[in-house]
Structures are given as C-alpha cells and as structure tokens.
Amino acid sequence: MAGKRDLILRAAVAVIARSGVRGLRVEEVAAEAGASTGLIYYHFKDRAGLLSATLDHVNDRAERYTTRALPDTGDARVLLEQSLLLELQDVDEVRENSLAWGELRASAVFEPELRDRLTGATGTWVAEIAELVAAAAPAAPADDVAERLTALVEGLSERWLSGTLPLVRARDLLLGAITAELGS
C-alpha cells in the first residue's frame with residue numbers, strides 16, 4: 001500500500017497533468033489525495049517543495065516504466081530505440097507523466113526553483129541515452145546525439161498529446177531520427 005507522501009505526489013501529478021503548474025492549488029492536491037493541506041505542508045514545506053518533489057516523482061515513474069519494459073537483449077541499438085519509444089505510449093501513466101513533465105518544464109521559465117531539479121533530471125536522462133548511443137554507435141558524438149534525441153522525444157510527445165500529431169507518426173519520426181543519427 002502506498003504511503004500518504006506517495007499518494008500526495010500521485011495526486012500532484014494528476015492535478016498538474018489536468019490543470020498545469022500555474023493552476024496547481026495545494027487544496028486541490030489535498031482533495032485529490034484524500035489528505036489535509038497540513039499533511040502536504042508537513043511533507044513538502046510549501047508549494048515549491050511540492051513541485052520539486054513532484055518533478056522527482058515524475059522522473060522516477062518514467063524510469064520505472066521504461067526500465068521494466070525494456071527487452072532483455074544485448075543489442076544497444078534495440079535498447080536505445082525501445083527506451084525512447086517507451087516515452088511515446090498510449091498508456092494512462094505515460095500520458096499523465098508526459099503531460100506533467102511538459103508542464104513542469106514549461107513552468108521552470110517562471111519558477112526558477114524548479115530549474116536546478118529539471119536540469120538534473122534532464123541531464124540524467126541525456127546521460128543514460130548517451131551511454132546507449134555510445135554502445136550502439138561508438139563513432140557517434142554520443143552526448144550530442146542523446147541531447148537531440150531526448151529533445152525530439154519531448155517535442156514529439158507534446159505534439160502527440162496536444163492532438164497535432166498521431167502517435168504512430170510520432171513514433172515513426174523518432175525511429176527515423178535514430179536512423180539519421182546512427183545510420184541503419
């Protein structure tokens with residue numbers, strides 16, 4: 001059974017995915033989680049603390065749903081493709097996570113306290129993808145390729161979630177970009 005802190009974080013992700021960061025009210029998160037606002041302040045100190053912890057939670061969830069679904073293969077190219085494609089799934093958890101991530105990323109423009117955490121989470125993801133790129137194509141500039149591919153995933157996800165790009169097309173474009181970066 002999930003603890004109250006985890007329930008609050010799940011509720012915060014749901015509220016952010018539904019209403020955005022600017023629309024986030026601690027009272028709404030409390031109602032969604034079935035908790036008191038006092039408990040939220042106890043665990044997270046203030047709204048900024050809740051946002052920072054929610055960003056970490058979103059990042060941890062993404063790592064879990066991508067890692068557990070990766071094929072058990074020694075082929076780094078397949079692992080790279082699947083790791084990125086798993087961010088573009090028509091699954092409630094992935095959609096909600098992607099919406100919340102996009103909202104948190106966009107709000108970092110206006111909420112500087114999120115920038116360091118966002119930079120760290122993004123850097124970790126880019127580094128993980130760079131490792132796969134280096135293993136799949138040792139001659140490729142892994143850090144640059146990883147930066148481009150992760151940025152592309154974020155952009156494709158945003159277009160898919162906004163309804164301006166079908167999911168199948170987003171996934172095809174991502175595979176095409178991987179081929180363009182690494183060769184066939």
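What share of the contacts in the chain with a separation of 6 or more comes from residues 24 or more positions apart? Such residues account for 65% of these contacts, where contact means heavy atoms within 4.5 Å.

The structure is a predicted model, in which local features need pLDDT of at least 70 and side-chain atom pairs count only at pLDDT 80 or more, while totals for chains, interfaces and linings use all residues. Residues are numbered from 1 along each chain as its sequence is written, and side-chain values use heavy atoms, with hydrogens and water left out.

**Overall form**

The chain contains nine helices and zero strands, so that its elements read α-α-α-α-α-α-α-α-α from the N terminus on. Helices (H or I, at least four residues) and strands (E, at least two) are DSSP runs, numbered from the N terminus. The radius of gyration of the chain, taken over C-alpha atoms, is 17 Å. This agrees with the value near 16 Å for a compact globule of 184 residues, the rule being 2.2 Å times the number of residues to the power 0.38. Along the principal axes, the C-alpha atoms fill a box of roughly 55 × 35 × 30 Å.

Of the 184 residues, 43% are buried. Buried means under 20% relative accessible area, exposed over 50%, and partly exposed in between (1.4 Å probe, protein chains only). The accessible surface comes to about 9,300 Å², and 51% of it belongs to carbon and sulfur atoms; the areas come from the Shrake-Rupley method with a 1.4 Å probe, and for residues only the protein chains shown count as cover.

**Nonpolar cores**

A nonpolar core is a set of buried Ala, Val, Leu, Ile, Met, Phe, Trp, Tyr and Cys residues joined through side-chain atoms within 4.5 Å. The largest one has 28 residues, and I8, V29, I40, L50 and L104 touch the most other members. Helices α1 (4-19), α2 (26-33), α3 (37-44), α4, α6 (92-107) and α7 (115-136) each supply at least two residues of this core. Its largest share, seven residues, comes from α1. Apart from this core lies another, of 27 residues, including L79, L80, V133 and A137.

Leaving aside neighbours within four places in sequence, I8 is in contact with V29, A33, A35, L39, I40, H43, F44 and L50.

**Individual residues**

Four residues in helices or loops are set out below.

| Residue | Location | Relative accessibility |
|---|---|---|
| R61 | helix α4 (residues 47-67) | 7%, buried |
| E87 | loop between α5 (76-85) and α6 | 12%, buried |
| A140 | loop between α7 and α8 (142-161) | 17%, buried |
| K45 | loop between α3 and α4 | 69%, exposed |

Not counting residues up to four places away in sequence, R61 touches V13, E93, E96 and N97. With the neighbours within four places again left aside, E87 is in contact with A62, Y65, T66, V94, S98, W125 and V153. E87 and R171 are 84 residues apart in sequence, and their C-alpha atoms are 9.6 Å apart in space.

A140 has contacts with V133, V145 and L182, leaving aside neighbours within four places in sequence. A140 and G183 are separated by 43 residues in sequence and by 9.7 Å in space, C-alpha to C-alpha.

Most residues other than glycine have a negative phi. K45 is not a glycine, yet has a positive phi of about 75°.
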